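Welcome, and thanks for taking a look at this one. Please have the sequence and the 3D view open side by side as you read.

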Amino acid sequence: MTGVGIDVSAESPKILTVEAVQASDVVITMGCGDTCPVFPGKRYLDWQLDDPAG
């Protein structure tokens, strides 16, 4: 699967850890709602994607 010129076919979902959010400028989530860590100064985008598992 390719989106916007980025090949993600070999990628798999990863747990969004506190450390990953702290190290990021932009955080893309896929519907985790209140369960995702939120830090001031970060930009959060929630992408509505179909679950690849069905």
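The report below goes from the whole chain to one strand and then to a surface patch.

**The chain as a whole**

This is a predicted model. The protein chain contains one helix and four strands, and their order along the sequence is β-β-α-β-β. Of its 54 residues, 9% are buried. The accessible surface amounts to about 4,700 Å², with 57% of that belonging to carbon and sulfur atoms. If you look at contacts between residues at least 6 apart in sequence, 0% of them join residues at least 24 apart.

**Strand β3 and its partner**

Strand β3 covers residues 26-29. It runs parallel to β4, and four bridges join the two. Within this pairing, Ile28 stands opposite Leu45 of β4.

Which side chains of β3 are buried, and which are not? Val27 and Thr29 point to one face and are buried, whereas Val26 and Ile28 point to the other face and are not. This fits a general pattern: in a regular strand, side chains alternate between the two faces of the sheet.

Thr29 is a good residue to click on. Its relative accessible area is 10%, and because buried means under 20%, Thr29 counts as buried. Beyond its neighbours within four places in sequence, Thr29 is in contact with Leu16, Cys36, Leu45, Asp46 and Trp47.

**Trp47 and the nonpolar patch**

Trp47 sits in the segment after β4 (43-46). Not counting residues up to four places away in sequence, Trp47 touches Ile28, Thr29, Met30 and Gly31. With Met30, the C-alpha to C-alpha distance is 5.0 Å, although the two are 17 residues apart in sequence.

Trp47 also takes part in a nonpolar surface patch, together with Val26, Ile28, Met30 and Leu49. How much accessible area do these residues have together? The total is about 490 Å². Two of the patch members, Ile28 and Trp47, are listed in the table with Thr29.

| Residue | Place | Relative accessible area | Class |
|---|---|---|---|
| Ile28 | strand β3 | 35% | partly exposed |
| Thr29 | strand β3 | 10% | buried |
| Trp47 | segment after β4 | 45% | partly exposed |

To bring the pieces together, Ile28 belongs to the patch and lies on the face of β3 whose side chains are not buried. Thr29 points to the other face, yet Trp47 touches both Ile28 and Thr29.

Terms used: Residues numbered from 1 in each chain as written. Predicted model: local features only at pLDDT ≥ 70, side-chain atom pairs only at ≥ 80, totals over all residues. Heavy atoms only, no water. Patch = residues over 30% accessible without salt bridge, like charges linked within 9 Å, V, L, I, M, F, W, Y side chains within 5 Å. Areas by Shrake-Rupley, 256 points an atom, 1.4 Å probe, with all protein chains shown as cover. Salt bridge = Lys/Arg side-chain N within 4 Å of Asp/Glu carboxyl O. Buried < 20%, exposed > 50% of the residue type's maximum accessible area, 1.4 Å probe, protein only. Contact = heavy atoms within 4.5 Å. Pairing = 2+ DSSP bridges.
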